[in-house]
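These are my notebook entries on what I looked up in the structure. I went from the sheet outwards to rings, cysteines and single sites.

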Amino acid sequence: MRACFVDAGGALADVMERLHRPGDIPVAIHRNPDVTPDELPGVLDGAEIAIIDHTNFPTAIAKRCAGLKHVVFLGTGARSYMNPEELEAECGIQLHLIRGYGDTAVAEMSFALMWAAAKGLAYMDRGIRAGRWDRTDGMELTGKTVGLIGYGGIGAEMARLCRGAGMKVLAWNRTPREAEGVTFTDLDTLLAESHVVSLHLLLSDETRGFLSAERIAKIRPGAIFINTARGAITDEAALAAAVESGALRHIGLDVYAEEPLPAGHFLSKVENATLAAHSAFRTPEASDNLIEASLEHCRRIAREG
């Protein structure tokens, strides 16, 4: 049995080489993060396991990959790149996700974006670089309420950080949860009472477009909105309109419905916005966790035959 890491960038390729152990199944490392879907059948070259980071893998391409039985996706957002149900039903390919590897890293990005938004750091930075001395009146977050939409591993880490900063934590989750120091409530109450709303849902058919224009309109006036989950969960145009009208104080985004964000995109023109390049998960610690988990998937698959 063989595996192939089809779209390894330099850093993750190095981590894979370092963590691959004697006795592990062979893993071919294809050091080309810009590989195209059409190239994948040749890159895989009959491997039974494909390790995929961020490359689109249409079902039509999968049908051309002789011998492929498993896809190990480096993360949880596989639906942005492939159709899991089609892969299994039409190709007999099983998808394996990796959860939890970057919970702390992503929560820290949410936390950082929240503080940058509260203090207007991006606005002042842009002004100073342009020769201006723009100042903002910051918001104090101590004692304020943060509302977490989704309470998985990342949401729990965000709650820990916010509680440590002296914030009250509300949360809404699609399935019932309990956690010390966190008040679980209905979504409308969370939106109405939170000074900061932070999104932590997985993207699925059920959550696509979940934060609609109607729900955005229910957010507390002057609140901050943070998204490190997936851009397609929100109505981006409604978010932009809300912050430009003053209904929202600021938005902090690390994810977008279309990535990379195209030049001239309307979100890039929103003044009260702090934008990051889908980099929340990019820490050495998270990368080690991610690649070790992918190798563990490969070991398990090999053991199960």
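**Sheet, central strand.** I looked first at Gly-147, which stands opposite Val-197 in strand 9; helices and strands here are DSSP runs numbered from the N terminus, with at least four residues (H or I) for a helix and at least two (E) for a strand. The model is a predicted one, in which local features need pLDDT of at least 70 and side-chain atom pairs count only at pLDDT 80 or more, while totals for chains, interfaces and linings use all residues. Residues are numbered from 1 along each chain as its sequence is written, and side-chain values use heavy atoms, with hydrogens and water left out.

I then followed the partners of strand 9 (residues 196-199) on either side, taking two strands as paired if DSSP finds at least two bridges between them. Strand 6 (residues 145-149) pairs with strand 9 in the parallel sense over 4 bridges, and Leu-199 of strand 9 is the bridge partner of Ile-149. Strand 10 (residues 223-227) also pairs with strand 9 in the parallel sense over 4 bridges, and there Val-197 stands opposite Phe-225.

Which way do the side chains of strand 9 point? Val-196 and Ser-198 point one way, Val-197 and Leu-199 the other way, and all are buried, where buried means under 20% relative accessible area, exposed over 50% and partly exposed in between, with a 1.4 Å probe and protein chains only. I noted beside this that in a regular strand the side chains alternate between the two faces of the sheet.

**Sheet, whole.** I traced 7 strands forming an open sheet in the order 8-7-6-9-10-11-12, with parallel pairing. Strand 8 (182-184) and strand 12 (273-275) stand at the edges with a single partner strand each, so one side of each is left without a neighbour in the sheet. The twist averages 20 degrees from one strand to the next; axes are lines fitted to C-alpha atoms, for helices over the stretch in contact, and angles run from 0 to 180 degrees between N-to-C directions.

Two helices were checked against this sheet, with contact meaning heavy atoms within 4.5 Å. Helix 5 packs on the sheet and touches strand 9, strand 10, strand 11 (248-253) and strand 12, its direction making about 150 degrees with that of strand 10. Helix 7 (residues 153-164) packs on the sheet as well, touching strand 6, strand 7, strand 8 and strand 9, and its direction makes about 175 degrees with that of strand 6.

**Aromatic rings.** I found 4 aromatic pairs in the structure; rings of Phe, Tyr and Trp (its six-membered ring) pair if their centres lie within 6.5 Å, and planes under 30 degrees apart count as stacked, over 60 as edge-to-face and the rest as tilted. One of them is Phe-111 with Trp-115, edge-to-face at 6.0 Å centre to centre and 70 degrees between the planes. Both lie in helix 5 (residues 103-119), 4 residues apart, about one turn of the helix. Phe-111 counts as buried at 19% relative accessibility, whereas Trp-115 is partly exposed at 26%.

The rings of Trp-172 and Phe-210 have centres 5.4 Å apart and planes at 25 degrees, so this pair is stacked. The pair links distant parts of the chain, 38 residues apart, with Trp-172 in strand 7 (residues 168-172) and Phe-210 in the loop between strand 9 and helix 9 (213-216). Trp-172 and Phe-210 are both buried. The charged end of Arg-215 sits over the ring of Phe-210, 4.3 Å from its centre, the rule being that NZ of Lys or CZ of Arg is within 6 Å of the ring centre and within 35 degrees of the ring normal.

**Cysteines.** How many disulfides are there? I counted 0 disulfides, a disulfide being a pair of cysteine sulfur atoms within 2.5 Å. For Cys-65 the nearest cysteine sulfur, that of Cys-91, is 8.5 Å away, and Cys-65 counts as buried at 7% relative accessibility.

**Single sites.** Ser-294 lies in helix 11 (residues 284-304) and is buried, with a relative accessible area of 0%. Not counting residues up to four places away in sequence, Ser-294 touches Met-16, Val-72, Leu-74 and Ile-98.
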